[in-house]
Amino acid sequence: MAEPMQLNGCNGIKAEDLSKWNFRPSEAVKGCSHDMVGIRGVLDYVMSHLNPIGKSKIPLGHGDPSGFDCFRTSIVAEDALVEAIRSGKYNGYPPAVGLPQSRRVVADYLSHGMPFKLSEDDVFLTCGCSQAIDVVLSVLAREGANILLPRPGFPAYEALMAYKGIEARHYDLVPERGWEINLDQLHAIADSNTVAMVIINPSNPCGTIFTHDHLTKVAETAKRLGLLIISDEVYAHIVFGEKPFIPMGFFASTVPVLTLGSISKKWMVPGWRIGWIATCDPDGILRKSQITEGIKKLMNIVVDPATIAQAAIPQIIEKTPKDFFQQTLQLLGHAADICYDRIQKLDVLYCPAKPEGSMFVMVKINISGLVDIRDDIEFSAMLAKEESVIVLPGSPLGLKYWIRVTFAISPSVLEEGFDRIAAFCMRHAKNT
């Protein structure tokens, strides 16, 4: 048998031979630095520094607690999926906007505590909240449009907007005010091409909850500026502090709201990929401006969530016992206390507020108190290399010299993680 031909150059093709091929990646893709697109890309970069013969990995950078037994989903959710499979009724394609019975249940679920009732026609089922973000941004991507994003925030918004030609403009969340939105800044950065603002409540990455008073001011400000609000509520009801969660849709009579959510976090099943878009629009503004019709049209050409997962939604939402959620929130609250208390004991780390919701907290690094570490990227990479602890650098979220820490893991593993972080900080601390 002849030996296979050995080709030279990148991936076996000589550079000069590329001139005869017409294809290239888009400029938007080529412009992304070392694959750091979204949180997964950033974490891949950090984890590339792990020592293969080092300590066991402790993941404090992820948003997926499902791998820990203490955060396993309810048996009701598991049974609902099994029953949907065994029924034999859900092996085909679903309607483009989702199964009607599942949309009805989601509409009823989101209507709790609202001054108006959503219908199934207001709900569109998506492949997780990530696809909900993608669909909404695609619908709003008219030429010259810009959207206001929180800083720090969720980097998927900015990455997707870059691909769609939407300009990102950032408003600050103020740590000294419990990460409230800088409302005055909205007036300064918005113009006639600003089509929407994004809020994330409960906050990823800050772990805070917006009050009713603050959300009222946000709605009034958006109305004055002529914007709709994209309300990312994937962590809805994951609250364990004193503030209650209030859906942005509560204020939809003031300003139209597109609510994005999923079962991923509250039910601890991010891999099931069930999310939704809900048009909170009692005055019909989204319908009259054809935003709702745009969503319907786009849903006809994008991929659907698995039919079996859609079919499981009614039983998951309606029959999951309250004690499942109570136990989850109790565990998250305890983990948040551990996280905050341990950070307070470290001189080179600072946390402006105890987490009240979601699964995260933002932590500031006192770089001047460390040697051989220049920024949050180096801090995270070196922590991974030396201690096998993974945290998310703050720079991709919009805050240099900060890190995002996840506390949604087993408390014993969390304690060990902070033991290692403390040892790392002590090892790199400047001698005083």
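**Exercise 1.** Determine in which hand helix 3 passes helix 11, and describe the contact between them.

*Solution.* Begin with the crossing of helix 3 and helix 11, which is right-handed (the near helix is turned clockwise from the far one by less than a right angle). The axes of helix 3 (residues 75-87) and helix 11 (residues 307-319) come within 8 Å and cross at roughly 145°, where axes are lines fitted to C-alpha atoms over the stretch in contact and angles run from 0 to 180 degrees between N-to-C directions. Helices here are DSSP runs of H or I with at least four residues, and strands are E runs of at least two, both numbered from the N terminus. Among the residues making the contact (heavy atoms within 4.5 Å) are Ala 77, Ala 80 and Ala 84 of helix 3 and Ala 309, Ala 312 and Ile 316 of helix 11.

This is a predicted model, in which local features need pLDDT of at least 70 and side-chain atom pairs pLDDT 80 or more, while totals for chains, interfaces and linings use all residues. Residues are numbered from 1 along each chain as its sequence is written, and side-chain values use heavy atoms, without hydrogens and water.

**Exercise 2.** Locate Lys 266 and find which side chain it joins in a polar contact.

*Solution.* Lys 266 is in the loop between strand 8 (257-262) and strand 9 (275-280). Its side chain joins that of Tyr 109 in a polar contact of 3.3 Å (a pair of N or O atoms within 3.5 Å, one able to donate a hydrogen and the other to accept it; residues adjacent in sequence count only if both atoms are side-chain atoms). Beyond neighbours within four places in sequence, the contacts of Lys 266 also include Phe 324 and Phe 325.

**Exercise 3.** Place Arg 420 and decide whether this residue is buried or exposed.

*Solution.* Arg 420 lies in helix 14 (residues 411-428). With a relative accessible area of 6%, Arg 420 is buried (under 20%, whereas exposed means over 50% and partly exposed lies in between, with a 1.4 Å probe and protein chains only).
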